[in-house]
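Okay, thanks everyone, I'll keep this short. Let me put the model on the screen and then walk you through a few spots.

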Amino acid sequence: MNRSIDPAVTEILAHHKGGAQLQTAWDRYEAQLPQCGFGELGVCCRHCMQGPCRIDPFGEGAQRGICGADADTIVARGLARAVAGGTASHSGHARHLAHVLKKIAAGKAADYAITDEAKLKAVAARVGIATAGRASRDIARDLTDKALAEFSDKDEGLAWAATTVTKGRLEVFSRLGIVPTSIDSSVAEVMHRTTYGVDADPVNILLGALKCALADYAACHLAADLADILFGTPQPVVSRANLGVLKSGAVNIALHGHNPLLSDIIAQVASEPEMIEAAKQAGAAEGLNVVGICCTGNEVLMRHGIPLATSSVSQETAIMTGALDALVVDYQCIMPAVATAAECFHTKIITTMPIAKMPGAEHVEFCDERAADCARKILRKGIANFQQRNADKVCIPKHTSAAIAGFSAEAIIATLAKVNSEDPLKPLIDNIVAGNIRGICLFAGCNSVKVPQDRNYVEMVKLLLANNVLILATGCASSAYARHGFMTSEATKQYAGTGLAAVLTAVGEAAGLGGPLPPVLHMGSCVDNARPVDVAVAVADKLGVDLSQLPVVASAPEAVTEKAVAIGTWAVAAGLPVHLGIAPPVLGSKLVATVLTDKIKGLLGGYFLVEPDPAKAAAALLAVIDQRRVGLGL
Ligand code: BF8
Ligand code: SF4
């Protein structure tokens, strides 16, 4: 089985081949094969203790669970619960940021600050908070109250959803009765309606899933906004990506997980002279080398230029270099397997959050009020562990690629403003109209063991770029493109079609980059999927159309998590055709599969498109883009 097309991952896996103790996600996947067919189709249910119940997909055995639920109900309930899981995760992340902003406004949490006052004012104004002549701290206090109110039931709906989408979308959501009244109640409602003997109507359950997904959207937007206020709105920054960013002569510390509350403070503290000196004292001539993994890696890459080591599915390979002195984690997408992998090397796994501990790891509870001290304590543990490193076990693949990251919506608009300061969106819209930019595709989501790591991303993007589709990327998708060299000026010359290359070159030169803009714009982590929506909404509003009419598509060609399910679902609600390269567990219900891939189109404009073959998927997305262009008269 081809496990990865990433050269660094391939090298490290080959280096450790045959190691009896050392297993990776790919080994454990093979040990699981064949995976349960009922589970794959989504037709098993454990929602009560009379179960588990399962439906025979061939129609010969049981067609109903003990309570009478059929395949349609069971599949819809399973999908809705996945959306609720994703929403709980993103909103936990957002809530954590809101609590810290509240502490800042109250004069506590002294290690954090309001870094981006302009963003604070812009977000506050957007959600209806007065800003003129007011102190930042007062605005922040009101903003936090408003943010925390998003989590508890209220009549008027979610401010972070209502103020960030088109009018047309809001009308569609109201018509379908899927406007969430709060983030927490949306999650709770899905859990309620999918528990034993509540909602048995599959279509009604799917509407509940859509409502919850819109709460997820609000949570993602809230998280991205608050992170910008606390740590700064990302601006283009040049860095490097892949395992070669680890250094044999430095103390290597990887930040893994999601919330910048932990990683940004560590990134700040790591540049303190005492920390660098401590690393040198420990014998590391090159000092301290902080790198990122997964979405928190994207956060510190975008704001500090910290290099990105690898993505989620290959997180164990960072440990397998034998050169990682500490892996510092907060929450989400951290495989418990990292502790097992660390047993074969010297890496210290440090957990930091009360809700995310792990056998085999050392727990250093992260405390918002003493964030910098906690960060220093964590770094010192990594530095002390450098002396445990066994030089004979060190194997750092040389591969790295340059990557320009940090394309927040604000950064994109500012770059376009260099071409037309009066009307920054005009160059983008004019080039879409002229066909130089045929359409835009957002790549999002994870890497899965079910396809060779990055294969779908790389094959699809080459085809789309050659056909003048501008690419936006977030999450592990952005990691894939960073590691494979798609986030450079050279990539524009190598991969972009003539029209797209001309636009990117003109914009890059006007912006003083000394070369073209990269053809794949790194827009951040998974919660940052709200950022491309901001750009799309601005374009739609300017054109006077709805999101469902734009030649904009999305793809999660290697998706894994419940968070990805939630994002994919709200992207459909936003009116986007959303490609999935791996079928989600819904194929056991023809009704659910048909609603998601077809019927939903008439209601929302968006829909799912499942295509495992990357070439066919790219062709399908191009066809959709062209249909939408025709719809706009282009
Ligand atoms: O939130 S893309 S594997 S790291 S879930 Fe996780 Fe998927 Fe990566 Fe970030 Ni997003
Ligand atoms: Fe079986 Fe119904 Fe219980 Fe699910 S809820 S386990 S289908 S009896």
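**Loops, ligand, helices**

So, starting with a loop: Pro52 sits between strand S1 (44-45) and strand S2 (53-54), in the loop that links them. Keep in mind that this is a predicted model. The bond leading into that proline, from Gly51 to Pro52, is a cis peptide, with omega about 10 degrees.

There's another cis bond to look at, Leu33 to Pro34, and there omega is near -5 degrees. Pro34 is in a loop too, the one between helix H2 (25-32) and helix H3 (37-41).

While we're on backbone geometry, have a look at Gln332. It isn't a glycine, yet its phi is positive, about 80 degrees. You'll find Gln332 in the loop between strand S7 (326-329) and helix H15 (337-343).

Okay, on to the ligand. Which residues surround ligand 1? Going along the chain, we have His258, Cys294, Cys295, Ser312, Cys333, Gly445, Cys446, Cys476, Cys526, Thr561 and Lys563. Split by class, that shell comes out as six nonpolar, four polar and one charged residues. If you're after polar distances, His258 has a polar side-chain atom 2.7 Å from an oxygen atom of ligand 1. For Lys563, an N or O atom of the side chain is 3.1 Å from a ligand oxygen.

Now the helix packing, and here I'll stay with H10, which covers residues 202-231. How do H10 and H24 sit relative to each other, parallel or perpendicular? H24 is residues 562-573, and its axis comes within 8 Å of the H10 axis, crossing at roughly 100 degrees. An angle from 65 to 115 degrees counts as roughly perpendicular, so that's what we call H10 and H24. On the H10 side, the contact uses Ala209, Leu210, Ala213, Leu214, Asp216, Tyr217 and Cys220, and on the H24 side Ala566, Ile567, Thr569, Trp570 and Ala573. By class, this contact has 10 nonpolar residues, one polar and one charged.

H10 also meets H11, residues 260-269: those axes come within 11 Å and cross at roughly 25 degrees. Under 35 degrees counts as roughly parallel, and therefore H10 and H11 get that label. The crossing is right-handed. Ala227, Leu230 and Phe231 of H10 touch Pro260, Leu261, Asp264 and Gln268 of H11. That contact has five nonpolar residues, one polar and one charged.

That's my tour, so over to you for questions.

Notes:
Residues are numbered from 1 along each chain as its sequence is written. Chains are lettered from A and ligands numbered from 1 in the order in which they are written. This is a predicted model: local features need pLDDT of at least 70, side-chain atom pairs count only at pLDDT 80 or more; totals for chains, interfaces and linings use all residues. Side-chain values use heavy atoms; hydrogens and water are left out. Axes are lines fitted to C-alpha atoms, for helices over the stretch in contact, and angles run from 0 to 180 degrees between N-to-C directions. Helices (H or I, at least four residues) and strands (E, at least two) are DSSP runs, numbered from the N terminus. Angles under 35 degrees count as roughly parallel, over 145 as roughly antiparallel, 65 to 115 as roughly perpendicular and the rest as oblique. A crossing is left-handed if the near helix is turned anticlockwise from the far one by less than a right angle, and right-handed if clockwise. Contact means heavy atoms within 4.5 Å. Ala, Val, Leu, Ile, Met, Phe, Trp, Tyr, Cys and Pro count as nonpolar, Asp, Glu, Lys and Arg as charged, and the others, Gly among them, as polar. A residue is near a molecule or strand if one of its heavy atoms lies within 4 Å of it. A polar contact is a pair of N or O atoms within 3.5 Å; within protein, one must be able to donate a hydrogen and the other to accept it, and residues adjacent in sequence count only if both atoms are side-chain atoms.
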